[in-house]
2 protein chains.
Amino acid sequence: VSPLPSDPEALLERARAGDGAALARLLSYVDRGGATGMDVARLAYRSDAPYSVGLTGAPGAGKSTLTDGLIGAVRGGWPEGAAIGQVAVLAVDPTSPFSGGAILGDRVRMNQHALDPTVFIRSMATHGHLGGLSLAAPDAIRLFGAAGWDVVIVETVGVGQMEVDIASAADTTVVVVTPGWGDSMQASKAGLLEVADVFVINKADRPGVREARRDLEQMLDLARPGSWRPQIVETTATAAEGVAELWRAVARHRDHLVSSGQLPVRRTDRLAQELRRVLLARTEVTVDGLVSGEEFTTAVKAMAAGELDPYEAAEGLLAG
Amino acid sequence: VSPLPSDPEALLERARAGDGAALARLLSYVDRGGATGMDVARLAYRSDAPYSVGLTGAPGAGKSTLTDGLIGAVRGGWPEGAAIGQVAVLAVDPTSPFSGGAILGDRVRMNQHALDPTVFIRSMATHGHLGGLSLAAPDAIRLFGAAGWDVVIVETVGVGQMEVDIASAADTTVVVVTPGWGDSMQASKAGLLEVADVFVINKADRPGVREARRDLEQMLDLARPGSWRPQIVETTATAAEGVAELWRAVARHRDHLVSSGQLPVRRTDRLAQELRRVLLARTEVTVDGLVSGEEFTTAVKAMAAGELDPYEAAEGLLAG
């Protein structure tokens, strides 16, 4: 094996030819952000996006086991017959400061795919990227697409706003709940309902499945009417039960997006959101520059002395 | 009763004289943000900050009952004897889009103070304010100070990053846990440890108190050494047990801040954070201006056509 080049274009060529180490290196660049990370992202955006599936839900809902099962189903191809060459999993944990932290422990269970060169599993938990994970994740998804991967599963650890944002920036968003979820997740319910294209009731071997389903159906009945009503799939991921049905539900949602012409509309909306995030990240750099300056320190001292309020101070600093 | 003036200075004068309706009107201005909200905040920053106590912890930990009890203790004055004239409660719920939503239900239990003109309870859940609750909350705290209130208790609903940020932007931050909390809040532990000045184990009539205390002590043993080790207080808020001890622990922390000279240092640090937030909020307005412009739409179309990546597009828009 020849040593890895450091040039993004050369690396991408190697990644396209199936070199996992080259792909991993490119993902590290995206993780870390900076000038090289941006160069990689720019390259990635020249290619089409892969089909992305977001998976979100409360910690402990069994998402990683479900993802594990889903990989096998995806490798079997689209239900109507089209083959899927390669599938990537991006496991996103905004609460962990280190890439490959807590979440990688769960990934050990995915070892059944460890030797399969058509499956690529990657944890992301970086804050190095300008704009954080909400920018690093879409960049990484595009990178998989540029490297020729067909499907990317994005799995997030919790149900915080950032996690929901990341998982819902996918073509199909799967929300995972468990029997009895309603009580513990009252606050997140509306937000999850809004982003769900498919609902999964995992741990369906436990009591309370009927109530969970009724709860979801009632929520869907009350939701604003649209052209798509999320399907509710019951799974027992630990026994690989229902996973094939989940994959069929994802495929049905994809068919709907394609036939209704909504896929390009959704993707364009997402690009607009990404552009807005890049703009915000850029202006944050400007603010950080101001904060580290001497005038900022002077302004804060004047505020502490009661001579200046923060709004006046900000005006002064921005007027420079 | 004469009708309320709309001028902030006149309203503040009335609020200082004990007019609760005038104070409520001023808080609404701060809630809603905008030019008037900013005028009110600017007025508020001319006065000294009140002593603020932040209360955070998982939903269901009994924070509102604890706050209820704490009001009574605070009204009894500082333990060393100094009287406290008035106490305000700011109940902050970033997950609720409406002011006075879910959280107000809990507040019904506080009715024992409803007729006490020296107690003021207010829910905040607005997103109207430029910069959101993380700016509106400090503005509201300063407003209470400007109106002559001595102590403000800021209670947040959950343990999301924003809630922890808001509760920790207080002079003394109280973190509320319950027996068995360790299992359910693994992810938030480190963040809570970092901001806690006082720990409360509420629902101390339930099994597992000893384990919860040992868990906290171990965490504190492992934490970086500092001049203050958070005290751990056991309470059963529903029976008003331990609440007086909690108030003494808060007072002890305040004494420490004053005698060590850390109080002005902490407050200056907070002012710096507030100034940074105002700067970010201002630049966000700039970005929103760009996003609503025609050039943005054109850029997104070019991105959808694969002719432009978001980084290039952002550069172009900012150079605009």
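## Two chains and a seven-stranded sheet

Let us begin where the two chains meet: in H13(A), Phe296(A), Ala299(A), Val300(A), Met303(A) and Ala304(A) touch Thr268(B), Leu271(B), Ala272(B), Leu275(B), Arg276(B) and Leu279(B) of H12(B). Sorted by class, this contact of H13(A) with H12(B) holds nine nonpolar, one polar and one charged residues. Please keep in mind that this is a predicted model.

How do the two helices lie? Helix H13 (residues 294–304) of chain A and helix H12 (residues 262–291) of chain B have axes that come within 9 Å and cross at roughly 120°. H13(A) and H12(B) are therefore oblique to each other, and H13(A) passes H12(B) in a right-handed crossing.

### The partner contact

With the chains exchanged, H12(A) meets H13(B): Thr268(A), Leu271(A), Ala272(A), Leu275(A), Arg276(A) and Leu279(A) are in contact with Phe296(B), Ala299(B), Val300(B), Met303(B) and Ala304(B). Here too the residues divide into nine nonpolar, one polar and one charged. The crossing of H12(A) past H13(B) is right-handed.

The table sets out both helix pairs.

| Helix pair | Crossing angle | Axis separation |
|---|---|---|
| H13(A) and H12(B) | roughly 120° | within 9 Å |
| H12(A) and H13(B) | about 120° | 9 Å |

The angle in the second row makes H12(A) oblique to H13(B).

### How the chains are related

What turn lays chain A on chain B? A turn of 180° with a shift of 0.1 Å along the axis does so, giving an RMSD of 0.1 Å. That is the relation of a two-fold axis. The same surface serves both copies, as 100% of the contact residues of chain A recur in chain B. Among the residues of chain A, Thr283(A) comes closest to the rotation axis, with its C-alpha at 3.1 Å.

### The sheet of chain A

Turning to chain A by itself, you will find an open sheet of seven strands, paired in parallel and ordered E3-E2-E4-E1-E5-E6-E7. Which strands form its edges? They are strand E3 (119–124) and strand E7 (231–234) of chain A, each of which pairs on one side only. Leaving direction aside, neighbouring strands in this sheet are turned by 20° against each other on average.

Strands of a sheet pair through backbone hydrogen bonds, in either a parallel or an antiparallel sense. One pair to look at is strand E5 (residues 172–177) with strand E6 (residues 198–201) of chain A, joined in the parallel sense over four bridges. Within this pair, Val175(A) has Phe199(A) in E6(A) as its bridge partner.

Note on methods:
Residues are numbered from 1 along each chain as its sequence is written. Chains are lettered from A and ligands numbered from 1 in the order in which they are written. This is a predicted model: local features need pLDDT of at least 70, side-chain atom pairs count only at pLDDT 80 or more; totals for chains, interfaces and linings use all residues. Side-chain values use heavy atoms; hydrogens and water are left out. Copies are superposed by least squares on the C-alpha atoms of residues with pLDDT of at least 70 in both. Contact means heavy atoms within 4.5 Å. Axes are lines fitted to C-alpha atoms, for helices over the stretch in contact, and angles run from 0 to 180 degrees between N-to-C directions. Angles under 35 degrees count as roughly parallel, over 145 as roughly antiparallel, 65 to 115 as roughly perpendicular and the rest as oblique. A crossing is left-handed if the near helix is turned anticlockwise from the far one by less than a right angle, and right-handed if clockwise. Ala, Val, Leu, Ile, Met, Phe, Trp, Tyr, Cys and Pro count as nonpolar, Asp, Glu, Lys and Arg as charged, and the others, Gly among them, as polar. Two strands pair if DSSP finds at least two bridges between them.
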